[in-house]
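Please work through the exercises below with the structure in view, trying each task before reading its solution.

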Amino acid sequence: MEAGEARERLLRLNCPANNDPIARVCQTNVSDYEDTVKKAREAWKIWADIPAPKRGEIVRQIGDALREKIQVLGSLVSLEMGKILVEGVGEVQEYVDICDYTVGLSWMIGGPILPSERPGHALIEQWNPVGLVGIITAFNFPVAVYGWNNAIALICGNVCLWKGAPTTSLIIVAVTLIKDNSQGSGGQQAAWCNLFLNL
């Protein structure tokens, strides 16, 4: 990226309490978006074949990593979007809680076998991953809404693309980095959970 293009793509983030600048982030462009979608679709081919309980284990590790940084992430939510600290921490706790829930759910994804009106037949319900799931979050719930959707989508065998509100870009980046490094596998896992900023 050229220096001029980088300056054009910078977005200044301001504190909602006093409008003071707190950071600048580089916005995604169309090319970045297309590359991310391509990588996510490729990663999905691998992720969907991983057994659900093993996907649940990875989601558990994401929850543990978020739990370790809950105060810092809660403070960042508070700074960036204006919630009081306890509510900022609560945002992150919601994500941790859904990770805990989906670990158990990953062992129970099955499908009922139901009777059929046809002799010698049965109806079988089977869960199949759908692929790439887009998750759009608003500024007022920058972590919890993403967490609810992300954890469930992951254990079901889907990969995710996160488009958060431009005013909460720092928490989006922070959560994504923690997630990507939760297993020490920032390579492949990074392609399972992607983000793009302010396209």
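**Exercise 1.** Find the residue with which Asp100 forms a salt bridge, and explain how far apart in sequence the joined parts are.

*Solution.* In this predicted model, the partner of Asp100 is Arg67, and the closest N and O atoms of the two are 2.7 Å apart. A salt bridge requires such atoms to be within 4 Å, so the pair qualifies. Next, place both residues: Asp100 belongs to helix H5 (residues 85-106) and Arg67 to helix H3, so the pair ties together parts that are 33 residues apart in sequence. Finally, consider accessibility: Asp100 is partly exposed at 37%, and Arg67 is partly exposed with a relative accessible area of 35%.

**Exercise 2.** Examine the salt bridges within helix H3, and state how the partners are spaced.

*Solution.* Begin with Arg67, which also forms a salt bridge with Asp64, with 2.7 Å between the closest N and O atoms; these two residues are three apart in helix H3, which means that about one helical turn separates them. Then turn to Arg60, whose salt bridge with Glu57 has its closest N and O atoms 2.5 Å apart. Arg60 and Glu57 are likewise three residues apart in helix H3 (residues 52-68), about one helical turn.

**Exercise 3.** Which residues do salt bridges with shared partners join into one network?

*Solution.* Starting again from the salt bridge between Asp100 and Arg67, the network joins Glu57, Arg60, Asp64, Arg67 and Asp100. For the wider setting, the whole structure holds six salt bridges, and the protein chain has 17 positive and 21 negative side chains.

Terms used
Residues numbered from 1 in each chain as written. Predicted model: local features only at pLDDT ≥ 70, side-chain atom pairs only at ≥ 80, totals over all residues. Heavy atoms only, no water. Lys, Arg positive; Asp, Glu negative; His and termini not counted. Charge placed at Lys NZ, Arg CZ, Asp CG, Glu CD. Salt bridge = Lys/Arg side-chain N within 4 Å of Asp/Glu carboxyl O. Helix = DSSP H or I, 4+ residues; strand = E, 2+ residues; numbered from the N terminus. Buried < 20%, exposed > 50% of the residue type's maximum accessible area, 1.4 Å probe, protein only.
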